[in-house]
Amino acid sequence: MIEDVIDIRTGHPGPTLAVTVLLHGDETCGLAVADAVAAGRIAPGKGRLIVPVMNRPAHTAVGGPRRHLGTDMNRLWCEAGIAADRPEAVRARAVLPLLREADAILDLHSLPHQDVPFLMRSALRPASEHLADALADVVPRTVIAPPPVNRGPALFETALLPPDTAIVVAECGRHGSADADAVALALVVTALRTHGMIDAPTPIPTVPPFGREGAGTYEFVDEVRLRHGPFRPAASFGGFHPLRRGETYGYDGTHPMVADEDCRILLTRPAVKPGDEALTLVRRKVGDGRWTGRDTPQDQRSPA
Ligand SMILES: [Zn+2]
């Protein structure tokens, strides 16, 4: 018995779905899911649903919720990382055997400044594609992340779990927003339905009207690091903001930062000094079956 894990075994044959929540202690949309499952408002009829609350101590920390208590729990999913004698590593080690029993994992997160939700899956784990495609009914933007460089692996790209386990990250919206909670709930109901674990009448909770703006599959262009600092964005970017080639999107100190190609700003970070990651740029993935070129002005004008 592992502490702070909701584990519902229906007794009927079916897959095992894990929904990891609060991997970062200040990203509370997953708690809406944990509450709904604990109260029986989301109830699987087949298989097994596991909801590990990953970092409750960071959430209940003195002074308010924090991302972590010293170690980012989403940068330690390798043998050396989970072997450390730190609270986050100890917890990851404790939950890992449960996650190994899952056929699919939905990892719920939120962001400080971004309302537009998106999904992420790892290029290292092709088995995640079908789950991301199913969840696109709720969140139609998926980013395929390249293998990690200069940082420890996140849960969704870990080699500690079987290669055929589907793992999808959902960035559900802005920290603490009701919209992010609604997106998280809708994703979980959709994941259960996709796996045949709930019966058809269960309604999918209403999701906020982000629509299909920017719908598609994306790959990384660049994680832009500062050379000078600080980073001053040219505007307040709400997520998936389209950029034209040649457009100035911010300043690195006094130096203009210019897009090398048509792309989108996935997210910005509060970068200050040289070497800090300021933002992530993504482009449409060519050959994703839905798109065969770059963004066009027409695409920006007419979200379906
Ligand atoms: Zn997070």
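The paragraphs below lead through a few backbone features and one annotated region of this structure.

The structure is a predicted model, in which local features need pLDDT of at least 70 and side-chain atom pairs count only at pLDDT 80 or more, while totals for chains, interfaces and linings use all residues. Residues are numbered from 1 along each chain as its sequence is written.

A good place to begin is the annotated region. UniProt, in an unreviewed entry, places the feature "domain: Succinylglutamate desuccinylase/Aspartoacylase catalytic" at residues 13-111; the position is given in the numbering used here, the feature name is shortened, and such annotations may be inferred rather than shown by experiment. Over residues 13-111 the chain is 32% helix and 18% strand, where helices (H or I, at least four residues) and strands (E, at least two) are DSSP runs, numbered from the N terminus. The end C-alpha atoms of this stretch are 36 Å apart.

Two residues that are not glycines have a positive phi of about 60°, namely Leu-22 and Asn-150. Leu-22 is found in the loop between β2 (16-20) and α1 (29-38), and Leu-22 counts as buried because 27 other C-beta atoms lie within 10 Å, the term requiring 20 or more such atoms within 10 Å of the residue's own C-beta, which is placed from the backbone. Asn-150, in the loop between β6 (141-145) and β7 (166-174), is exposed because 7 other C-beta atoms lie within 10 Å, and exposed means 12 or fewer.

The last stop is a peptide bond: the one from Gly-229 to Pro-230 is cis, with omega near -10°, and Pro-230 is found in the loop between β8 (216-225) and β9 (231-233).
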